[in-house]
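Okay, everyone, thanks for squeezing me in. I'll put the structure up, and then we'll walk through it together.

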Amino acid sequence: MSGPRYRFAPSPTGFFHVGGARTALWNWALANSQGGTFVLRIEDTDEARNRPEWTQGIIDALAWIGIHSDDPHFEGPYFQSHYAEQHVAAAQRLFEAGHAYYCDMTAADIEARNKAEGTQGYQGWSRDRGLGPGPGHVLRFKVPAGSTVVHDLVRGDVVFDNALIEDFVLLRGNGSPMFLLANVVDDMAMEISHVVRAEEHLPNTPKQQLIWQALGHEPPVWAHVPVLVNEARKKLSKRRDKVALEMYRDEGYLADAMSNYLMTLGWAPKGGVEIQPWQQMQADFRLEDVNHSSAFFDLKKLAAFNGEYIRALSPEEFLEACRPWLFAPDAPFPADRFDEQTFLAMAPVIQPRATTLAEAPGVVDFLFLESPLFTDDALAKASAAPSAIDVLRDTVAAFEALGEWSAETLKTAFEGVAAAHELKPGKAQTPVRVAVTGRTVGPPLFESLQFLGRDETLRRLRVLEGLIG
RNA sequence: GCCCCCAUCGUCUAGUGGCCUAGGACACCACCCUUUCAAGGUGGCGGCACGGGUUCGAAUCCCGUUGGGGGUGCCA
């Protein structure tokens, strides 16, 4: 695969973040629409915080939203930790070429010196001391005078005064490479042409660009996209906010809904229609059109997208999508009482009532339960009307007399009962609905009764009759 | 503190000097449809942060103010 090379370089320090997912999606769209490559690099060099299981989590999460490692546009995963030798070698070259120098000052030394001189940060104190490598010696980059201009596809040119960039650390006192260096060396080795990442990296960029140049290479095309924020407009954090992609997957959000929603955070498809097939968004996405300000990750809007996607499913697709919740240990009914044909037939009335797949089984639980689960509230409402007991009794009689047992005949029969009590069917329905479903709200009543069957319907009606009579 | 980024309805956005009386979506409200609840339909509420310029004309360009955010590690 020739063409531009994009990359996504997460560090496996926890569950996969929705913000990372959006960045990955944008990189993926770009690589695909331009006949380029999406390189996945796991930046696992922070030993204290990395755990191998998180890496698989990232790969699985990417696959869930459509970024599959077996796609020809996908390359990797590479592991940064495997390239430590190259990082150190690059540092060595930088040192030999005079772009870096060793320093033996500890954090405490630096603090003391700053205090004494009334300064802040690291002031290049060891630049001319001619120190060599040694235990506890860090290698620092010698930031040149002048200024650094970062050409950014979403933000335009950003100018940094080099005098304000301190001589940052390339190699730790124990000889291990730092992120800034490793990241650049890897991008160089993997021939990355475009670095599209979150805005929090923008302050790092002049430093990285300086490393690229000192190593004799042209820097890549940069693009810093806005961060995702919470209701307090703070950057989404793993601690505070619900950001794990897998959590949304487990709650029954559809991958397509999630990726569609994520795409529209900070960018909008042409034509004013937000819900778009992936192929279309992929073709339309341009970094130049990305918004400059941070975007709020809105659960309500995500839910709305999800509802739309659920409603667009065929009954068969819906059933397949619901399976994990239908047969989960905490499903609302025992697996052996579940009936696929009934669920399939009811799907069109379940879909508009479920915001997430996880909610779907609960919409029709009464069909697969031995007896409905009454809530106190429903019971109270069922018996609230003085006519409730009579309606129940008359309904039993009317249903018993029915020849054909169908939604249509049930409806007609019940309308007769309601009319006899001078009630609107909707009003009269409450005790019947509660008797059969345990709740006051739910899917259309007569369709439900059709599937519940004559015997069970009548049994439930009589049970409630006894309960409130 | 210092550096950088940003600023259109509550939220996500359209808008690249006249087509803007600022459009759409989510949320909210009302009505319609209706066997409950949803879904759907119709309508409504609601915004260019502020102050200066530039221009015949500014949401759009410039400057400042204010407000938000990000970064300031021998984390990534």
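So, let's jump straight to a base. This is a predicted model, and in it a base nitrogen of RNA strand B sits 3.4 Å from an N or O atom in the side chain of Gln120. Asn204 does something along those lines too: an N or O atom of its side chain is 3.2 Å from a base nitrogen of RNA strand B. Then there's a backbone case. Phe296 has a backbone N or O atom 3.0 Å from a phosphate oxygen of RNA strand B.

Okay, bases or sugar and phosphate: how do the atoms of RNA strand B within 4 Å of the protein divide up? Sugar or phosphate accounts for 68% of them, and bases make up the rest.

Now the protein side. There are 62 residues around RNA strand B, and the ones that come nearest are Asp46, Arg172, Lys234, Pro352 and Gln429. If you sort that surface by class, you get 22 nonpolar, 20 polar and 20 charged residues.

Which element gives the most to this surface? That's α10, with four residues. On your screens α10 is 299–311. Others that each supply at least two residues include β7 at 156–161, β12 at 295–296, α17 at 425–437 and α18 at 445–452.

Let me switch to the aromatics. The count is 23 aromatic pairs. Here's one to zoom in on: Phe327 and Phe338 are edge-to-face, because their ring centres are 5.4 Å apart and their planes meet at 85°, where over 60 degrees is what it takes. Both of these residues are in the loop between α11 (315–326) and α12 (340–350), eleven residues apart.

Buried or exposed, what about Phe338? Phe338 has a relative accessible area of 10%, so with the cut-off for buried at under 20%, it's buried. Phe327 comes out at 38%, which makes it partly exposed. Those two also belong to one aromatic cluster, together with Phe318, Phe333, Phe343 and Phe368.

One more ring, while we're at it. Tyr122 has the charged end of Arg140 sitting over its ring, 3.5 Å from the centre.

Last, the confidence numbers, since somebody always asks. Chain A averages a pLDDT of 95, and 99% of the residues score at least 70. For the model, ipTM is 0.96 and pTM is 0.95. And the usual caveat: where pLDDT is low, don't read the predicted coordinates in detail.

That's me done. Over to you.

Note on methods: Residues are numbered from 1 along each chain as its sequence is written. Chains are lettered from A and ligands numbered from 1 in the order in which they are written. This is a predicted model: local features need pLDDT of at least 70, side-chain atom pairs count only at pLDDT 80 or more; totals for chains, interfaces and linings use all residues. Side-chain values use heavy atoms; hydrogens and water are left out. A residue is near a molecule or strand if one of its heavy atoms lies within 4 Å of it. A polar contact is a pair of N or O atoms within 3.5 Å; within protein, one must be able to donate a hydrogen and the other to accept it, and residues adjacent in sequence count only if both atoms are side-chain atoms. Ala, Val, Leu, Ile, Met, Phe, Trp, Tyr, Cys and Pro count as nonpolar, Asp, Glu, Lys and Arg as charged, and the others, Gly among them, as polar. Rings of Phe, Tyr and Trp (its six-membered ring) pair if their centres lie within 6.5 Å; planes under 30 degrees apart count as stacked, over 60 as edge-to-face and the rest as tilted. Buried means under 20% relative accessible area, exposed over 50%, partly exposed in between (1.4 Å probe, protein chains only). A charge sits over a ring if NZ of Lys or CZ of Arg is within 6 Å of the ring centre and within 35 degrees of the ring normal. pLDDT is the predictor's confidence in each residue, from 0 to 100.
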